[in-house]
Amino acid sequence: MRIAIFGAGRIGPLHARTLLEHAAVERLTVTDIVTERATRVAQELGIAAVPSTDEALDGADAVVITVSTEDHPALIRAALERGLPTFCEKPLAANLAESLALMAEIEGSEVPFQLGFQRRFDPAYVEARRLVASGELGTVYMLSLRSHDPEPASEEFIASSGGMFSDLSIHDLDILRFLTGSEVEEVFCLGSARGFPLYQQYHDYAMAVATMKLVDGTPVVLSWARHDPLGHDVRAEIFGSRDSVSVGLGPRMPLRSLEPGVPPPAGPPWHIFLDRWDDAYHDEMIAFISVARGERPSPCSARDGVEALRIAEALTVAAAEHRVVSLAEIAS
């Protein structure tokens with residue numbers, strides 16, 4: 001299998017290393033808008049740097065897209081035209097309207113497509129999903145999810161990220177649907193730029209909290225922050241009638257206890273997301289090879305991306321208008 005990778009930033013080379021290990025991959029190429037960056041990555045990994053999109057697509061059996069969000073739609077459509085199985089990092093597109101249009105094109109093409117929500121492949125989240133789906137957790141009473149970044153982003157990133165909810169929060173919105181197998185009915189959200197006026201300048205938030213109700217009535221509590229002085233803190237807690245479980249509770253969790261006699265975390269805290277999700281990124285890419293070869297259905301579809309973005313849109317409205325927002329209000 002010949003695979004073309006678009007994007008030579010942080011994620012592209014990570015996926016390339018995984019693909020190089022797979023026996024089914026015969027050839028890898030990398031293309032980037034910054035030619036020098038693609039050349040450097042190609043030399044480091046021993047793969048080919050290709051100067052143009054058309055050349056990369058013409059010589060490929062499948063495509064991996066890790067470029068900036070605004071470039072996703074054009075590359076996805078170019079791959080669809082050639083019938084090439086496609087992996088694309090989240091999100092599908094920069095806004096819900098374009099994501100809906102692109103989803104319709106992907107589904108209409110029947111070309112294998114996988115969206116990049118890597119947490120679905122984390123072993124702890126996979127086990128949590130199994131416990132919920134099997135009924136071993138009993139009746140799910142409540143969920144609590146949080147994602148805290150170690151440090152604020154650069155102004156350049158803030159200006160183009162799409163905002164707290166479509167960037168940082170989107171992973172929790174997807175994993176919530178994955179864990180529960182259910183959909184969100186309504187949301188309420190409060191956001192703040194407390195301590196970081198730069199976010200306010202771009203009409204964004206540095207931290208936010210939200211409550212949600214799923215269609216089966218299950219309540220959910222979520223929190224997000226752009227700065228956590230101890231590290232990259234991503235956790236989920238599920239409380240059921242038979243058991244209560246946690247994802248992210250471990251020796252590298254960036255949180256210290258004040259209870260007498262409780263030692264600090266045994267290992268260094270997670271500092272960047274690439275370390276925290278290394279195994280998940282690996283398994284995600286291995287899954288895509290199976291998807292591209294027609295051996296399994298996509299574990300994360302374009303529709304999954306749209307549904308997460310619909311919740312993000314509801315959160316945006318809820319925070320701006322300070323009210324409960326029903327998902328029925330958001331285009332589907």
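**Around helix H12 and the nonpolar cores**

Just after helix H12, glycine 294 adopts a positive phi of about 75°. The model in which this glycine is seen is a predicted one, and the helix that comes before the glycine is a good place to begin.

Helix H12 covers residues 278-292, which makes 15 residues, and from its first C-alpha to its last it reaches 22 Å, close to the 21 Å expected at 1.5 Å a residue. Its buried residues are Ala280, Tyr281, Glu284, Met285, Ala287, Phe288, Ile289, Ser290, Val291 and Ala292. What lies over these buried residues includes two helices, H1 (11-20) and H11 (273-276), together with the strands S4 (62-65), S5 (86-89) and S6 (113-116).

Two packed helices are described by the angle between their axes and the distance between the axes. For H1 and H12, the axes come within 9 Å and cross at roughly 60°, and the crossing in which H1 passes H12 is right-handed. On the H1 side the contact is made by Ile11, Leu14, His15, Thr18 and Leu19, while H12 contributes Asp278, Tyr281, His282, Glu284, Met285, Ile286 and Ile289. Sorted by class, this contact of H1 with H12 holds 7 nonpolar, 3 polar and 2 charged residues.

In soluble globular proteins, nonpolar side chains tend to be buried together. In this model the largest nonpolar core has 81 residues, of which Leu92, Phe165, Val187, Met212 and Trp224 touch the most other members. Helix H13 (residues 302-321) supplies the largest share of this core, namely 11 residues. Leucine 92, once its neighbours within four places in sequence are left aside, is in contact with His72, Pro73, Ile76, Ser99, Leu102, Met103, Ile106, Phe113, Leu115, Ala302 and Val306. There is also a second, separate core of 23 residues, which includes Val30, Val41, Ala42 and Met285.

Several of the residues that leucine 92 contacts, among them Ser99, Leu102, Met103 and Ile106, are also listed as buried in helix H5, alongside Leu96 and Leu100. Helix H5 runs over residues 96-109, and its 14 residues reach 20 Å from the first C-alpha to the last, close to the 20 Å expected at 1.5 Å a residue. The buried residues of H5 pack against helix H4 (72-81), strand S6 and helix H13.

A last residue to consider is glutamate 44, which is found in helix H2 (residues 35-45). Is glutamate 44 buried or exposed? It counts as exposed, because its relative accessibility is 56% and the exposed class begins over 50%. Glutamate 44 and leucine 115 are 71 residues apart along the chain, and their C-alpha atoms are separated by 27 Å.

Key. Residues are numbered from 1 along each chain as its sequence is written. This is a predicted model: local features need pLDDT of at least 70, side-chain atom pairs count only at pLDDT 80 or more; totals for chains, interfaces and linings use all residues. Side-chain values use heavy atoms; hydrogens and water are left out. Helices (H or I, at least four residues) and strands (E, at least two) are DSSP runs, numbered from the N terminus. The expected span of a helix is 1.5 Å times one less than its number of residues. Buried means under 20% relative accessible area, exposed over 50%, partly exposed in between (1.4 Å probe, protein chains only). Contact means heavy atoms within 4.5 Å. Axes are lines fitted to C-alpha atoms, for helices over the stretch in contact, and angles run from 0 to 180 degrees between N-to-C directions. A crossing is left-handed if the near helix is turned anticlockwise from the far one by less than a right angle, and right-handed if clockwise. Ala, Val, Leu, Ile, Met, Phe, Trp, Tyr, Cys and Pro count as nonpolar, Asp, Glu, Lys and Arg as charged, and the others, Gly among them, as polar. A nonpolar core is a set of buried Ala, Val, Leu, Ile, Met, Phe, Trp, Tyr and Cys residues joined through side-chain atoms within 4.5 Å.
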